[in-house]
Each structure stands twice: as C-alpha cells, then as structure tokens.
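Open the structure in a viewer and keep the selection tool at hand. The stops below say what to select next and what is there.

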Amino acid sequence: MLRYAIKRILLMIPVIIGVSFLIFFIMDLAPGDIVDIKLAEEALTFEEIEQLRETYGLNGSVFTRYFSYMVNFVQGDLGTSLVSGRPVLDSYLEKMPATIVLACASIFVSIMISIPLGVYAAMKRGTFADNASMVLSFLGLSIPNFWLGLMLIIVVALNVPGIPTGGFSKGIASVILPAITVGTGLTATLARTTRSSMLDVLSQDYLRTERAKGHKEIKVIMKYALRNALIPIITIAGGQFAVTLGGAVLTETVFSWPGVGRLIVDAVNSRDVPMAVGCIILKSITIGIVVLIVDLLYAVIDPRIKAQYGKRKRKQA
Amino acid sequence: MEDKKALGEPVLVVEDLQVRFELEAETVSAVNGISFTLKKGHTLGFVGETGAGKTTTALSLLRLVPHPGKVESKKIEVCGQEVSTMTTQQLEKYRGNDIAMIFQDPMTSLNPVFTVGQQIADTILLHQEVSSSEAKKKAEEMLELVGIPASREGEYPHQFSGGMKQRVVIAIALACNPEVLIADEPTTALDVTIQAQVLSMMKKLRDERQMAMIMITHDLGIIADVCDEVAVMYAGRIVETGTLVEVFNRTKHPYTEGLFNSLPNILNRSARLKPIPGLMPDPSNLPAGCSFAPRCKYAKDECFSAQPIVHQFSDTHTVACSAYARSGFAIDRPQKK
Ligand SMILES: Nc1ncnc2c1ncn2[C@@H]1O[C@H](COP(=O)(O)OP(=O)(O)OP(=O)(O)O)[C@@H](O)[C@H]1O
Ligand code: SF4
Ligand SMILES: [Mg+2]
C-alpha cells in the first residue's frame, strides 16, 4: 500500500505540469496583462511600460516564460506576486487556515446531517418520510450558494446578535453561516448518495445473517450495513472536501471569508500570473492528496480493495 | 445412554402457518397452512421443488420473513415460547441463541467487511456473558470445530472458498449452541466431495449437541442420509409427512412418488428418468382443488374442485390426497416394509 501511495504521488507530477501549463497558456490568451491593468490606474510612458514588462518577465513567448517559471518551481520557488510583491507560497499559506476551517466545518455539518438522513430514507423507502427527505435534499441541491449565503446574512446575521455577517475574526460564531452555506449542497448530495448506497446494501443476504444472530436492528443498520455502504459515501464526501479545500469562491466572497478561493480569483482578475499559477498548483496538490487519502481509506473500510492493492504490489515486485 | 428418539420431547411446534406476500399486482401465497412438530435430537427434512415455500417456512420460525410478507399461525412454539407474540427484546434473545439458521447461499451470507472471526465472535458476545477476548477464543474453537484452522480467524470471507464459507456460516449458527438448527440447503452451493464432508460434519455436531434440526433440501439422498422424519412440500403445503421409512418405503402421495421417479435408479441404470411433467402452479394463483392435480396422473374430477382429503396411515404418517377415499387405491410405486 505504501508503494501504491508513492506511485500515486509520483503520478501527480504530470498532473501538475499539465495544470500549470494550461493556466499559463489560458492566462496568456486572456486579453490584457498586469501592465494594462496598471495603465488603467495611472498614466505611464512607453518606456515605463516596456520597463515594467521586462521586470515582470512578460516579454518572450509563453513557452519560454513557462519554462523559466517551472525551473524556479522545481527549486521550490513558486514566485512572487506581481501585485503585492510577496512570495506566493506565503500568501497561500496565510489564507489556508480560514479555508481549512470552513472545509472541515462544512463537511462535518453535512456528514452529521446527511448520513442519518440518507440511512433513514433508505430504511423507509417509498414512504412519505423518504420522499419528503429526498425532496428536501433536492431543494438543498438546487439552491445557489451565493443566494443562500445572502439569505442567511439577511435573515440570521442581521437578526441574531453574535453571529457576524462576514469575516473570520469571531471564532466559531463566524464559521456557522459560511459552513451552512457550503454544507447545504454537500448535505444534499451526500444524503442522496447515502440513500442509494444503503438501498443496495439493505437487500443483501448478509444482513439477514446478522439479524438471525439476534442483533438489534439499529446495530444491523448502523454497523453491519453502513460499513458496506460507505465506499460511495466517502468518495463523494472526500471529493467535495477536496474541492472546498481548494477554495469556496462564492461563499468566501459573500461572507468576506479570507480563504484561498478569493486569493485565486483576485489573482486571475489582476492578471497576477505567478500568483494564479502558484495557487492553482498548490490547490491541485491539496486536492490530489485528499483524493489519495480517500483512496487509501477504501482499503481500510473494505478488505477486498485492500487485497487488490496487495496484489498490484506483488505484481510489481 | 437413553434412547433419544424415544425420549425426544417437542422443541418446536407449528400449527397452521400461513405466509402471504402482498405485492401491488398480486398476492403470493407462499405457505398455506403448514403444521409440524420437531422433537429434541430429531431431524426433520423438508423436500420439495423450488418455490415450494421451504425457505419462507424456515424464515417464519425466526420471524425474518421479509417485507411485504404477512405471517399468520395458530402456534409457533419453540422451546416453550410462542414466537409470534415475542417482543423485540425477546426476539433478539431468541434468535441465534434458541434457534439458528444456516442460510441457503454461503457466498452471500457473510458480511464482506468483517473478519470471519469477528462474525462468529459477535454472536457469542451477544448471547453469552464473556469478554471480547474470550469470545474471540471461542470463535477460534468454533472454526476448528468446523474444520478451519483457528489461525485464519483474522481473514475475510473473500479469502475463503465456497466450502469454507459454508463452514463459517455453520460455525456462526452453532456458536451459541442453539436448541433448534435450521439448515437451508447447506450443501447445494458445494461440489460433491465437499458436500459429503460438510454433511457428515453437521451430523456429528448435531449428535454431540443433541440439537433438533430442520434440513431443507431438494435432494432425497441428503434426506435419507440425515433425517428421522420427512415433510414433502408442494405449493406451500405439506402433502406427505412421516418417518423416513414411511415416506421412503411406504410412499403414499403421488407427488412424492414423482420425486422418487425423477431420481436416477442405482439398481437399474438403464431405466429412463421420469421427471414430473409440467410446473408447480403459480403461488399467486393457486387452483381451487389439489394444487398437484394438473400434473397428477391419478387425478379425478373431485381433485380439481375440492382440497385434498387428509389421510392418516399411522400416528406419524399423514398424506393429503383425495384418491385414498377411493376403495383399493394405490400408487404405482411398490410398497416395501
Ligand atoms: N420477498 C418475497 N416477495 C415475494 N414473493 C416471495 C418473496 N420471497 C419468496 N417469495 C415467493 O414465495 C414462494 C416460496 O419461496 P421460497 O423461497 O420459500 O421457496 P423454496 O422452497 O425455498 O425454494 P428454493 O428451493 O428455490 O429455495 C415463491 O413463489 C417465491 O416466489
Ligand atoms: S388429490 Fe388428486 S390430484 Fe391431488 S395428488 Fe391426490 S390424486 Fe393427485
Ligand atoms: Mg429456498
């Protein structure tokens, strides 16, 4: 399994190369660069413009610029922001805590709600309770994040004292509304996944064996059935968690949340190429690692998958 | 040692058991008024074609008939307790402890994400006052008992062959020493040599533990091998029941005769097999008269219109067939002593 993990980490290299080139290329195609943006703010002479392009390294073809960026990257240098002049890595790491808090809070909230809800719906399949909870989750899925965020601010934050409308400075209280905003969509998807995965498992013969042993129904469901239904659930939950760790742009914007999502968007808007490329590389690495952890979790949950990793390992050896 | 057969007291009494599956489009009458008794240390065999209602009967004894099954009965008494009125708590104590079932398909009866040791130990933990390390030790003993090295306790079902899985299923069923053991075609999924091994192991365990056993199968050879009494099932009813000798040597019901005729004859290999023509009636649309009538070569008009008359040939031998109301009626199969 260690071999498998190492292999997966090595596989991230071509992904990073691809992603970074793509971003470089797209940003090159996009009209305007940072100098144009500066021009809009202050009048510059032709010489000054050329001078700036030179210092920002904006001259030369996209390939040579990409190449020199990657040479620095391999040496551990993600570059410095053209706007703030600070190292990209520092800016990213500075925004990471807020993003991690939001991602963890929202995934926690949605797991605590969606799994019991999905299990319950599966057990009551076809009844009013099942239909009601699935309609509810469909609603959760269809509500746009930014709208929900704004509504929460208007309805809750402006009426309940102690709950801030935005920012990351008031501890637990400040994360509540953003977590609900991000978590609603997650909860809806996860509840539906849990329900369908549980439905598959509930008809399996081995649950009858567990019942015939005399286990309580709740134990049959929450221990013996759920464990078998977990794979699709953690796949979805892990994927969503990874994406949120990459930054929840809309929610961050609505709540002025100092996360990495806004950092990336701002960088793109101001044509801050090293910042945008660096952040997206870091984002891909984060997502790649989370997905890898989820894959390794499969093996912990399901011994048959573990056996497959083992086999692959033996073949390689 | 006392003669167990003479001393056997009933541990299981079933009267007028009926099970219907009420589906949207139709009602499947899977079991239609079955009564039987099982004594301590005895083995009762249930034979019959696929769909006869054998598994459903067994599941009713554990109250595990799946939705939308409706179970009705005058009496289902196991070890002196009425099953149909048990509370959930009583039921949880009863299942696995007083009665256990070996399920039809070992391939799907084990939980894929728990070790076989865990699956045996959790029954023991549930019903006995033991610590988890003691339960694990007992689980290992159970594995040894069914012929699997205790060292494989930590392995998962997918690491076992079909025969070994069946042994694990048996070990789970036997873990708490149940009074009644139901074995639902415990060997159909296995190849012939393994079949014989598993059967002889089950017989040994049954005799050692003086268990009452219900053996469900469509294999008359297995019935002859392990059973004391036989109940022949057809379309949710018991059409003939008696001791092994009565049913095998003094066969009375035309359906039982048909089952024997469809077996290869070891003494006369050139004799052609005579499978029963036709199919069992659809349990959602059973005929008004004898359900075997469309396939029965002895059928007369009255067979189609009225339920068969029950004839008692001895204290133990009962047959549901109207033909015996006709004087001098006998089936073709020769009667032996
Ligand atoms: N869950 C269910 N829903 C609807 N009908 C069912 C259900 N379970 C069983 N039946 C029906 O009940 C009848 C009896 O089924 P059962 O499984 O008891 O037969 P069996 O004698 O065990 O057959 P086999 O030898 O194939 O195992 C069949 O007609 C079957 O279609
Ligand atoms: S009652 Fe009639 S149809 Fe039914 S088995 Fe007897 S002879 Fe055949
Ligand atoms: Mg069956």
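**A tour in four stops**

Start in chain B: select K54(B) together with ligand 1, and an N or O atom in the side chain of K54(B) appears 2.8 Å from an oxygen atom of the ligand. Keep in mind throughout that this is a predicted model. Add G53(B), where a backbone N or O atom lies 3.0 Å from an oxygen atom of ligand 1. Then add E185(B): an N or O atom of the E185(B) side chain is 3.1 Å from an oxygen atom of the ligand. How much of ligand 1 does the protein bury? Taken alone, ligand 1 exposes 640 Å², and 72% of that is buried by the protein.

Now widen the selection to the shell of ligand 1. Two elements of chain B give two or more residues to this shell: strand 2 (27-39) and helix 2 (54-61). Helix 2 of chain B supplies the largest share, 3 residues. Around the ligand there are 16 residues, of which T50(B), K54(B), T55(B), T56(B) and Q104(B) come nearest. Colour the shell by class to see 6 nonpolar, 7 polar and 3 charged residues.

Stay in chain B for the second stop, ligand 2. The residues that surround ligand 2 include the cysteines C290(B), C296(B), C303(B) and C321(B). Also among them are H253(B), P254(B), F292(B) and Y298(B). Which classes make up the shell around ligand 2? That shell has 10 nonpolar and 2 polar residues, and no charged ones.

For the third stop, move to chain A and show the surface. Select F146(A), W147(A), L150(A), I154(A), V155(A), L158(A) and L250(A), which form a nonpolar patch there. Together these residues have about 680 Å² of accessible area. Helix 7 (residues 145-157) of chain A gives the patch its largest share, 5 residues. Pick out I154(A), which has its place in helix 7 of chain A. I154(A) counts as partly exposed because its relative accessibility is 47%, between the limits of 20% and 50%.

The last stop is V273(A), in helix 13 (residues 273-301) of chain A. Is V273(A) buried or exposed? V273(A) has a relative accessible area of 15%, so it is buried, the cut-off being under 20%. Finally, select F73(A) as well and draw a distance between the two C-alpha atoms. V273(A) and F73(A) are 200 residues apart in sequence, and their C-alpha atoms are 14 Å apart in space.

Definitions and conventions. Residues numbered from 1 in each chain as written. Chains lettered and ligands numbered in written order. Predicted model: local features only at pLDDT ≥ 70, side-chain atom pairs only at ≥ 80, totals over all residues. Heavy atoms only, no water. Near = heavy atom within 4 Å. Polar contact = N/O pair within 3.5 Å; in protein donor to acceptor, adjacent residues only side chain to side chain. Areas by Shrake-Rupley, 256 points an atom, 1.4 Å probe, with all protein chains shown as cover. Helix = DSSP H or I, 4+ residues; strand = E, 2+ residues; numbered from the N terminus. Nonpolar A, V, L, I, M, F, W, Y, C, P; charged D, E, K, R; others polar. Patch = residues over 30% accessible without salt bridge, like charges linked within 9 Å, V, L, I, M, F, W, Y side chains within 5 Å. Salt bridge = Lys/Arg side-chain N within 4 Å of Asp/Glu carboxyl O. Buried < 20%, exposed > 50% of the residue type's maximum accessible area, 1.4 Å probe, protein only.
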